[in-house]
Number of protein chains: 4
Amino acid sequence: MPGNTFGKLFRVTTWGESHGPAVGAVIDGCPPGISLAPEDVQHDLDRRRPGGRFASPRKEPDRVEILSGVFEGRTTGTPISLMVRNHDVRSRDYNELAKTYRPGHADRTFEQKYGFRDWRGGGRSSARETVGRVAAGAVARRFLEGEGVRVRGYTLALGSVACDRGAMDLDRADENPFFCPDPKAAQAMEELVAQVRSEGDSLGGVVEVVAWGLPPGLGEPVFDKLDARLGAALFSIGAVKGVEIGSGFQAARKRGSENNDPVTREGYASNHAGGVLGGLSSGMELVVRVAVKPIPSISKEQATVDRDGTPRTIRIGGRHDVSAVPRIVPVCEAMVLLTLADFMLFPYPYRLKHR
Amino acid sequence: MPGNTFGKLFRVTTWGESHGPAVGAVIDGCPPGISLAPEDVQHDLDRRRPGGRFASPRKEPDRVEILSGVFEGRTTGTPISLMVRNHDVRSRDYNELAKTYRPGHADRTFEQKYGFRDWRGGGRSSARETVGRVAAGAVARRFLEGEGVRVRGYTLALGSVACDRGAMDLDRADENPFFCPDPKAAQAMEELVAQVRSEGDSLGGVVEVVAWGLPPGLGEPVFDKLDARLGAALFSIGAVKGVEIGSGFQAARKRGSENNDPVTREGYASNHAGGVLGGLSSGMELVVRVAVKPIPSISKEQATVDRDGTPRTIRIGGRHDVSAVPRIVPVCEAMVLLTLADFMLFPYPYRLKHR
Amino acid sequence: MPGNTFGKLFRVTTWGESHGPAVGAVIDGCPPGISLAPEDVQHDLDRRRPGGRFASPRKEPDRVEILSGVFEGRTTGTPISLMVRNHDVRSRDYNELAKTYRPGHADRTFEQKYGFRDWRGGGRSSARETVGRVAAGAVARRFLEGEGVRVRGYTLALGSVACDRGAMDLDRADENPFFCPDPKAAQAMEELVAQVRSEGDSLGGVVEVVAWGLPPGLGEPVFDKLDARLGAALFSIGAVKGVEIGSGFQAARKRGSENNDPVTREGYASNHAGGVLGGLSSGMELVVRVAVKPIPSISKEQATVDRDGTPRTIRIGGRHDVSAVPRIVPVCEAMVLLTLADFMLFPYPYRLKHR
Amino acid sequence: MPGNTFGKLFRVTTWGESHGPAVGAVIDGCPPGISLAPEDVQHDLDRRRPGGRFASPRKEPDRVEILSGVFEGRTTGTPISLMVRNHDVRSRDYNELAKTYRPGHADRTFEQKYGFRDWRGGGRSSARETVGRVAAGAVARRFLEGEGVRVRGYTLALGSVACDRGAMDLDRADENPFFCPDPKAAQAMEELVAQVRSEGDSLGGVVEVVAWGLPPGLGEPVFDKLDARLGAALFSIGAVKGVEIGSGFQAARKRGSENNDPVTREGYASNHAGGVLGGLSSGMELVVRVAVKPIPSISKEQATVDRDGTPRTIRIGGRHDVSAVPRIVPVCEAMVLLTLADFMLFPYPYRLKHR
């Protein structure tokens, strides 16, 4: 099966290119009877576009239209089609890029796979593609809210600036353009971004997503464990090069006696597992982290070749962000939302509860 | 769909519990005409059971039987059924565990999902389940060899002992029981294991898997990118808490100018991407790493509860490994093999080449 | 998985309700490099709307918009999103139907499944839904044409009027509004329709679809045999109550010596099999037939109940066709096209030929 | 995805060839807590082998072994692996058939797809393959019984001998080797079989399957309607050339006023729909029929060619049944059982009831 569909029971198919007429998503399997208005989707789309001064100046009004699946303000159980028109599609900025491969981008690999490519703004491999994910994630969020599940992402680190876990307050993450829960770190991020922008370079970072309220027993052993599906979900985002659950790579250096979470009547005395045991939700907070690579589009000169194999140098100008962080935060949230919504529809443990 | 099937075109379904009659796998979609003998599968099964003195003394002869799909020594294109009988299934060791939840295991989450559980040796969530993966992976390896693709895993770190990249020689990884390519590190690992065993504790580690010979263009954007499927594959292994591709979490701290791989006529001047660009294979070496948590079964005393919620302490005796590393190495290899075999059957870029 | 997606490698997801803003389809997996213009799709959509005097007077301009997946006139290998706006959505005709169940329709079963329903014009269970199928089928047709495969449907019978096989000329099927290849039968159909319309009743019929140029070996034993997938494809069309392949139900009354097709060097001396042997295409013409039930919306009085269970009578007025035939013919074609396009992308026999 | 898996949530993968070591099935997604013993499966396997004097004298003890997924007599929610060893695999009967194509069989199409074939007894395309279906169907039956759903198949016609609907008594269908509910017809069938056997020819027939107790709302519009999935299920059986639901092909000749089922408070005043409205179960009896072609293996001389294309004549001797009916009856039942079990696990209407 081709790869533009995510999920098994709450199923999302996204479509659209950076400079085509529109981008969108079709959700198949959303439960019926959920109250849904365009504003619900718009809210998450707007989070993807913080509009702070560090964001891309490219204008993306991103007005979502709900084309099907909703009747009298409620989902009907039939496919929900969401569309966002592309407006600012000045492909002239990119004309020179039709023949030269941008380092760190999918330009050549797309040609190797498909024979040619829509080179305008990266085509399907543009971050613009994530609009469909965020729109669909917003619908998943509406469903999950009704089930008592909440999902929140935030920036843990931008380049060398990392949050101090002791100083983090998730409620303050929306107060700065970085979705950064440590106000002091947010300040340092601002300075770092200004400096790196002036150097014509770019930054990576680390994003964490947490989910509360999951019932225990979500996940489908052995290949569709909750962590396996989360891994797929998060690695499917363009810039992600690493994913951790709970203690993650630190677990590799720990002893079992340190890393095991003692079992209590109500749950667990610690959460090194990050909310997943044996591939199933444990009822504790779900905690995942992703490593985001620096944006490959930089104005510094880089060595590359063109389609004929002739060596070229390239400087990528235009309106690029300095980092995929923070705009990737709502995308990471969306992928966690879609993963969880999907598992919430699997027969067990739900049926057990209602027998 | 329930979770015991992996892959879309090269599809593997595994089955079996630790103390049931047998474990096995059914492969659907293996290309016809591939020479396959039981010995091919046996070889990889034997690697999963190094038999060194650090391995579990539990005896697992693990003789594989090919029940279908092979005629006159060649695969026919029909399902290949592989079975390994369980022999050493003394469930008496575990009888006390029927009612008490082992910390770090899936005991309680399985009950929360399914209502009850096969508590003998961990049932389906036992590492015994991976026999089916390794057997199927061996068939994938036969297919991939014919396509010029090679896959190799090894131990990068065990607890605090890490390989020195400069001292690594992959050809020597099979000379020690740790699949460790740095002979000096292997020596230190041996000492560490002896010490930790005497403490009744356990160790985590880091495993790296590399694949050579991939054609460019493998992967299915946007949700089934090569890295997304690898992430799912590797996170589906019991003890894995983190996965990285290429520079991984280090990419989060780099600048774009450092992390981008300059494009050359033949490929790329570096490989921070780890062989994946835009979710498609680049033609460079594929490089993935996984963080393995310490084995939760330790003989040190731990706090837990029983099924009634009454607090208990538990010491897990018996024949447990000190670490999932190195036995997890062939399992990681198997999951990479299965992922790659699957993508090799997708229509593009294959059809392009033969048009 | 919810049911709005068809196919595995050439995958179509349709969406949209009769009286919502639009209907459409997303195709994932269409091969790259196929020349595709809106007119190609429009042509098939127009066939679905013959506009003859027996067709519904409801106006459906049905202008298709290609929203993604095409660049410089060629498919790119990324999802192709097709949308047709709904224009004539006067739901006032239906207002009285919100509470009363129409016999032969899905009104009550939808409520039983989802809790409530979009009652406007049948919502998702309206024949309007097939616009997405036909649009996607047109894209499949473009792909198949390039592979030498041709698909054609026509009306074999309308009510009691059946074609005389000896008088059939497929090239003349487009000359009458019934897609009827027997001009005399077409004349009789016209008269029958006029009479039944005046009685306020409706008619069923039989449609046949033939495909030429299939390579031998298409189909995936044992559950996704070519005939099994065709059966699913055709039974998924609203009004279809029976499907036959080749000699179909007549085979039940034949002897083996009559029904077997003698094998020749080039093919087979007869085609009772209808082009499928052991679930695989034989290289002969593919021949399938469907039984179409009479349209349930009739102006004759019928007995029913309302949502409260109170007995009611109902007369369904408005702009309904007298029969789903002939408008169902392009829909049947579309489902055969989508089925064949899907199988054409499976690895075998294709890879064998190009090894 | 290759074709040896059926179902989405109650998922069955079958494997095995006629003359390989064994045949079997793996069920993934069977609900936990269902009481299951080998005898439950054995019972249905024995029905597939009536042992009457019209059945094949080939001995098939067909002892099933449950290899996983059951603990203390109950299903655990993990995969259930079922295996039946092949015993009577004298391939010498078939040796001459290695090079000559049998008319009406998949010999040449398998070679065209896969390049070569396991020619022993038809290999994977042998009716022996259905053992796995019937075994898995027996497990589905155990699940469905607990949900109040019952499924029963029987023979409606064998060659020219058809049941008289007025004389049918389903409770008497097991009293004769034909699963024929009309005792008089059963008598005539016996005579017809004796005669056709003496002629060295074979017979087709018609099988009907009925299901009682289905909750309304099963089915997944629009492509996985209940009838669409049943169509796929039944057409996937080797000898099936036609499938009907409810009034089937007769509906094509009816008026809407005759074919519509009046709606009542409790259900419907008639059941021309066969229990399916808009692709969803209506709560009425589900009624499907299949047309079974005459067995192609006949001892009469037939014209064919060998692998080199040289014309040959062939007489197929050995231990063949005169008709796939009645042994196909339990296979048809199994496919209906598997289809219904699958839909019973879909989220709606189940969740609605328990909200």
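A salt bridge is counted here when a side-chain nitrogen of Lys or Arg lies within 4 Å of a carboxyl oxygen of Asp or Glu. The exercises below apply this criterion to a predicted model.

**Exercise 1.** Which residues of chain A are linked in a network of salt bridges?

*Solution.* The network consists of A:Asp44, A:Arg47, A:Arg141, A:Arg152, A:Asp174 and A:Glu333. To place this network in context, note that the search of the whole structure, taken over all chains, finds 108 salt bridges.

**Exercise 2.** Determine how the side chains of B:Glu129 and B:Arg133 meet, and whether these residues are buried or exposed.

*Solution.* First, the N to O distance between the two side chains is 2.5 Å, and the pair forms a salt bridge. Next, with buried meaning under 20% relative accessible area, both B:Glu129 and B:Arg133 are classed as buried.

**Exercise 3.** Why does the salt bridge of C:Lys113 and D:Glu220 join two chains?

*Solution.* Begin with the contact itself, in which the side chains of C:Lys113 and D:Glu220 meet at 2.9 Å, N to O. Then locate the partners: C:Lys113 lies in helix H2 (residues 107-114) of chain C, whereas D:Glu220 lies in the loop between strand S10 (205-212) and helix H5 (226-235) of chain D, and therefore the pair joins two chains. Finally, C:Lys113 and D:Glu220 are both buried.

**Exercise 4.** Where in chain D do the salt-bridge partners D:Arg117 and D:Asp107 lie?

*Solution.* The side chains of D:Arg117 and D:Asp107 form a salt bridge with an N to O distance of 3.5 Å. D:Arg117 is in the loop between helix H2 (107-114) and helix H3 (130-146), while D:Asp107 is in helix H2, so that the pair, 10 residues apart, links distant parts of the chain. As a last step, the accessibility classes show that D:Arg117 and D:Asp107 are both buried.

Conventions:
Residues are numbered from 1 along each chain as its sequence is written. Chains are lettered from A and ligands numbered from 1 in the order in which they are written. This is a predicted model: local features need pLDDT of at least 70, side-chain atom pairs count only at pLDDT 80 or more; totals for chains, interfaces and linings use all residues. Side-chain values use heavy atoms; hydrogens and water are left out. Buried means under 20% relative accessible area, exposed over 50%, partly exposed in between (1.4 Å probe, protein chains only). Helices (H or I, at least four residues) and strands (E, at least two) are DSSP runs, numbered from the N terminus.
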